[in-house]
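Please take a moment with the sequence and the structure shown here before reading on. The paragraphs that follow move from a single residue outward to a helix, a sheet and the domains.

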Amino acid sequence: MKMLEKYHDEMLSCTGCAFCKKSYAAYEFPEKESDYPKGKIMLAYGLYTKELEENMEMVRALQKCTLCKRCEVDCPSLIKITDIIKAARFELSTLLPEHEILVDNFRRTNNILGEENFERDGSRIAFIMGCMVKKEMKDAVISLFDKLGVDVTIVGGCCGHPIEKIGRKVETDIGKKLREKNIEKVVLSCPNGMLALREFNPMHITQFVLSLNPEMKREEKRYIYHDSSFLGRYLGIYDEPRELIGRVANLVEFDERRERAKQCGGEIEFRRAFPQEAEELAMHLIKEAREKNATIVTASPHCYGHLKEYGEVVDIVHLLERSII
Ligand code: SF4
């Protein structure tokens with residue numbers, strides 16, 4: 001239980017106050033105590049002390065969390081709830097069948113979806129395509145960099161972060177490729193990739209575009225920005241997407257936003273294993289956007305790929321690509 005050992009005191013600091021249940025009030029899917037963060041800490045502690053034995057029910061309960069950190073905003077004891085859940089996942093000997101498929105895909109194709117990776121050589125500025133950036137996004141990325149006048153190198157493949165979130169370590173060759181190509185600047189649209197490639201000081205695509213300050217045209221449309229949990233609560237990037245949306249259209253806000261933003265359920269490993277819960281999370285956002293007569297803008301391919309199944313959504317890469325003159 002090496003991974004959980006360092007959280008021994010942290011797990012015991014949970015007072016059971018249940019403030020972390022607050023962010024679940026809107027959803028119907030919690031059925032048991034172990035669906036809530038507090039219950040997952042108790043499971044992790046039981047696993048650590050060996051008072052509880054691993055079984056499939058426990059595996060499902062510990063994996064039934066997007067690791068979005070929303071509950072941590074409400075925890076008065078400042079417990080690192082998501083770190084504990086992640087550490088517990090590393091202690092589990094069993095994966096969910098849906099997660100086995102993702103790991104197998106990664107091992108076979110370097111892509112958790114088992115799809116072909118796209119690459120091209122260019123300058124020492126690289127865009128990491130990742131595994132979630134599909135063809136429609138790929139074409140928009142290439143056109144966006146063309147409009148910015150940047151001969152971009154594109155590196156494909158999965159960063160491995162979704163696999164790490166389910167409690168397994170895999171090796172990605174992206175870092176090796178970046179070093180071999182002598183890349184100076186790394187740009188991504190996926191916050192998972194930014195977390196996995198921290199050593200390269202990556203920029204989010206919104207930060208990169210803002211740094212070039214391109215001329216953009218406005219459209220009279222209402223866009224509501226959805227804060228990705230990983231771009232926001234993990235990486236602290238809240239302002240740049242809003243700044244860009246505000247330049248090209250009318251920016252509308254969700255009632256709960258920035259560090260209090262709701263999760264959309266779009267993290268690939270979560271929605272593959274818990275599609276109904278992921279749909280419910282998405283529908284809360286889609287409903288609010290409709291009530292506010294606005295189209296959702298995402299800034300993470302995980303969120304975009306998920307939310308677009310349920311309503312009108314545009315990714316910021318598409319929005320920028322068509323707005324830059
Ligand atoms: S809010 Fe924090 S202290 Fe309270 S039950 Fe949840 S994890 Fe424990």
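Glu72 has its place in helix α5, which covers residues 70-74; helices here are DSSP runs of H or I with at least four residues, strands are runs of E with at least two, and both are numbered from the N terminus. This is a predicted model, in which local features need pLDDT of at least 70 and side-chain atom pairs count only at pLDDT 80 or more, while totals for chains, interfaces and linings use all residues. Residues are numbered from 1 along each chain as its sequence is written, and side-chain values use heavy atoms, with hydrogens and water left out.

With a relative accessible area of 18%, Glu72 is buried, where buried means under 20% relative accessible area, exposed over 50% and partly exposed in between, using a 1.4 Å probe and protein chains only. When residues up to four places away in sequence are not counted, Glu72 touches Ile79, Lys80, Ile81, Thr82 and Asp83, contact meaning heavy atoms within 4.5 Å.

Helix α7 (residues 97-109) offers another view of burial: the buried residues of α7 are His99, Leu102, Val103, Asn105 and Phe106. Seen down the axis of α7, these buried residues fall within an arc of 155°, so they line one face of the helix; the arc is that of the directions from the helix axis to the C-beta atoms. They pack against α4 (56-63), α9 (161-165) and α15 (268-273), whereas Pro97, Arg107 and Arg108 are exposed on the other side of α7. Just after this helix, Asn110 takes a positive phi of about 65°.

Further along the chain, 4 strands form an open sheet with parallel pairing, in the order β6-β5-β7-β8, where two strands pair if DSSP finds at least two bridges between them. Strands β6 (250-252) and β8 (313-315) stand at the edges, each with a single partner strand, so one side of each is left without a neighbour in the sheet. Strand β7 (residues 295-298) pairs with β8 over 3 bridges in the parallel sense, and Thr298 has Asp315 in β8 as its bridge partner.

Finally, the chain is divided into domain 1 (2-94), domain 2 (125-211) and domain 3 (215-323), with bounds that come from an automatic or database domain assignment. The C-alpha centres of domain 2 and domain 3 lie 19 Å apart, and the contact takes 26 residues from domain 2 and 28 residues from domain 3.
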